[in-house]
Amino acid sequence: MDTRPFAPEPAPAGLAATELPSPMPLMALSTGFWAFKTLAAAHELGLFARLSGTGGTTAADLARDLGIHPRPAEMLLTGCASLGLLERSRGRYWNAAISEAYLVPGAPGYFGGWVAMADKRLYAGWGKLVEAIRTNRPTTWDPDVQDSLFDGEDPAMLSLFWEAMHSLSTMTARKLGEAVDFGRFDRLLDIGGGSGAYDIELCRLYPRLRATVYDLPHVAGIATGKVAQAGLEGRIHAVAGDFFGGAPLPGGHDLHLLSMILHDWDESRNRVLLARSFDALESGGAVVISELLVDDNKTGPAPAALMSLNMLIETEGRNYTPAEYGTWLEDAGFRDVETIWFDAPGANGAVIGRKR
Ligand SMILES: C[S@@+](CC[C@H](N)C(=O)[O-])C[C@H]1O[C@@H](n2cnc3c(N)ncnc32)[C@H](O)[C@@H]1O
């Protein structure tokens, strides 16, 4: 018999347990932004950089260092510890391994660029999600003023966007390079290659590979800078161009990559891009579409389905399924289409087509 005074009476034998599901997932869903904003605030305040390589901090020390009241200092440290971003022992907090690896500026796997972009750009756009759903228009830029997400941006927003993409793509490229064997290819054309993160990582993994980053003129300059920082100027070149423009895509490549490109555009533009890729690719070569792929039955997974909604607030595209890509690839002339799954922040798989 339970002798605790406040223990509930056991349910009478034979009474059916309640059929209602737990509401707890709804609480977790509706407060998801609390966790994100805690991470974003700690990053913006430089908490992880401050704690890197130190013996940790107390709430009082942090309050003094940041010139803030001890109350929010303690709350921020407790909040970060609750999320697994900090660890605590003997009254001091320090970076958990994940924060030390990814949230300290200058670390090889620095992910803070993405955190800052999600906070300063995407968060505001998602605040107007209902508007985007009702109007079928993006909310992070004005389609009456710009042609696409990729033109007419102010320099501060561009640099925020590119630091974010570079963070996300560096990690994703490593996983792609491990999941797919690129060993038999010599020349990569990275179509809309952005900062060149994929080219840098794939060239590091595959010593015989050389790469061309093909992107709009102002972005090709960003790629040139990142490639120089990586010391790979001898193997990676940036070429300025418009993949929807009059000129064909550059020839002489046996491997094409489309990473986070097709989710920016609608089906008709994507079919044009795949046809252009097919025309420019060498026979025997392959095209690789790297994306957060939505399942063919369109019920998930959540990272892909929610990236798709992110494309609603940012672009005219959405995240597509392997079946959709497979049909477009076949229609463009590619054969032997297969999907290889992996786990990375910016992609969960690659759909690959071959040109015989
Ligand atoms: C979401 S980013 C992906 C960048 C890169 N592939 C990656 O995964 O890190 C889309 C890229 O497409 C490029 N882009 C957009 N329109 C383009 C066009 N008409 N011609 C060439 N590149 C374009 C953008 O400049 C941007 O670099």
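Me: In this predicted model, what share of the contacts with a separation of 6 or more lies between residues 24 or more positions apart?
Reply: The count covers contacts in the protein with a separation of 6 or more. Within that set, the pairs set 24 or more positions apart in the chain account for 66%.

Me: How many residues does the protein have, and what percentage of them is buried?
Reply: Burial requires 20 or more other C-beta atoms within 10 Å of a residue's own. Of the 356 residues in the protein, the buried ones make up 35%.

Me: What distance separates the centres of domain 1 and domain 2?
Reply: The domain assignment places domain 1 at 32-102 and domain 2 at 116-354. With the centres taken over C-alpha atoms, the separation is 34 Å.

Me: Which strands pair with β3, and in what sense?
Reply: Strand β3 covers residues 187-191, and 4 of its 5 residues are buried. With β4 (residues 210-215) there are 5 bridges in the parallel sense. With β6 (residues 253-259) there are 3 bridges, also in the parallel sense. The partners of β3 are thus β4 and β6, each paired in the sense called parallel.

Me: Which residue of β6 is the bridge partner of Leu188?
Reply: On the β4 side, Arg187 stands opposite Arg210. In β6, the bridge partner of Leu188 is Leu255.

Me: Which helix joins β3 and β4 in a β-α-β unit, and what is the handedness of the unit?
Reply: The helix in this unit spans residues 197-205 and is α10. Together, β3, α10 and β4 form a unit that is right-handed.

Technical notes
Residues are numbered from 1 along each chain as its sequence is written. This is a predicted model: local features need pLDDT of at least 70, side-chain atom pairs count only at pLDDT 80 or more; totals for chains, interfaces and linings use all residues. A residue is buried if 20 or more other C-beta atoms lie within 10 Å of its own, exposed if 12 or fewer, and partly exposed in between; C-beta atoms are placed from the backbone. Two residues are in contact if their C-beta atoms, placed from the backbone, lie within 7 Å. Domain bounds come from an automatic or database domain assignment. Helices (H or I, at least four residues) and strands (E, at least two) are DSSP runs, numbered from the N terminus. Two strands pair if DSSP finds at least two bridges between them. A crossover is right-handed if, with the strands pointing away from the viewer, the path from the first strand over the helix to the second runs clockwise.
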